[in-house]
Amino acid sequence: MNNLQRLELETRGIKLEQDELSIYLQENDLQPFDEHNPSSATNKKRIYQSALSVLESIANDITRMKSVKVDDMSVSDFSDSIQSRIDQLERKIRTLKTDEQLQNESNFFMLFAD
């Protein structure tokens, strides 16, 4: 699975061209057709950051936010749902560590220094 396919998996149900998704990945320092490394914390964080960028772009699209009611769901419900997902992703991204941070972690704490 490459990074583009992983982003498509994360943003399932959102119809965007691969070129557009590639831009979001490149803005977050990922190459779309490079192999996705699921064991890399940095890669995972960047995928989530790309998905967050996609959702923020959709939330900024005024044409999607028109007052429309479809199948007992109004656009305000869509707006609330997408904002909720954006908030969830932001919290998750803040708590994720990069590979460097994981390597520098130590189980020891020095209370006193010489």
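Let me begin with a definition: a residue is called buried under 20% relative accessible area, exposed over 50%, and partly exposed in between. The structure before you is a predicted model, and I shall use these words for several of its residues.

I turn first to glutamate 10. Its relative accessibility is 21%, so glutamate 10 counts as partly exposed. Arginine 6, in contrast, has a relative accessible area of 14% and is therefore buried. The side chains of these two residues meet in a salt bridge, with 3.0 Å from N to O. Why can they be said to lie about one helical turn apart? Both belong to helix H1, which covers residues 3-10, and they are four residues apart there. As a general point, an α-helix has 3.6 residues a turn, so residues three or four places apart point the same way.

The structure holds two salt bridges, and glutamate 10 takes part in the second as well: its side chain meets that of arginine 85, again with 3.0 Å from N to O. This pair links distant parts of the chain, since glutamate 10 is in helix H1 and arginine 85 is in helix H4, residues 75-95, with their positions 75 residues apart. Arginine 85 has a relative accessibility of 27% and so counts as partly exposed. Through shared partners, the salt bridges join Arg6, Glu10 and Arg85 into one network.

Let me now consider helix H1 itself. Which of its residues are buried? They are Asn3, Leu4, Arg6 and Leu7. Viewed down the axis of H1, these buried residues fall within an arc of 160 degrees, and therefore they line one face of the helix. Among the elements that cover them are helix H2, residues 18-27, and helix H3, residues 41-59. At the N-terminal end of H1, asparagine 2 acts as a cap: one of its side-chain oxygens lies 3.1 Å from the backbone nitrogen of leucine 4. Leucine 4 is itself one of the buried residues of H1.

My final topic is serine 40, which is placed in the loop between H2 and H3. Is serine 40 buried or exposed? With a relative accessible area of 11%, serine 40 is buried. Its side chain makes a polar contact with the side chain of aspartate 99, at 2.8 Å.

To close, I return to the salt bridges: Arg6, Glu10 and Arg85 form one network, and the link from glutamate 10 to arginine 85 connects helix H1 with helix H4.

How values were computed: Residues numbered from 1 in each chain as written. Predicted model: local features only at pLDDT ≥ 70, side-chain atom pairs only at ≥ 80, totals over all residues. Heavy atoms only, no water. Salt bridge = Lys/Arg side-chain N within 4 Å of Asp/Glu carboxyl O. Helix = DSSP H or I, 4+ residues; strand = E, 2+ residues; numbered from the N terminus. Buried < 20%, exposed > 50% of the residue type's maximum accessible area, 1.4 Å probe, protein only. Arc of directions from axis to C-beta. Contact = heavy atoms within 4.5 Å. Polar contact = N/O pair within 3.5 Å; in protein donor to acceptor, adjacent residues only side chain to side chain.
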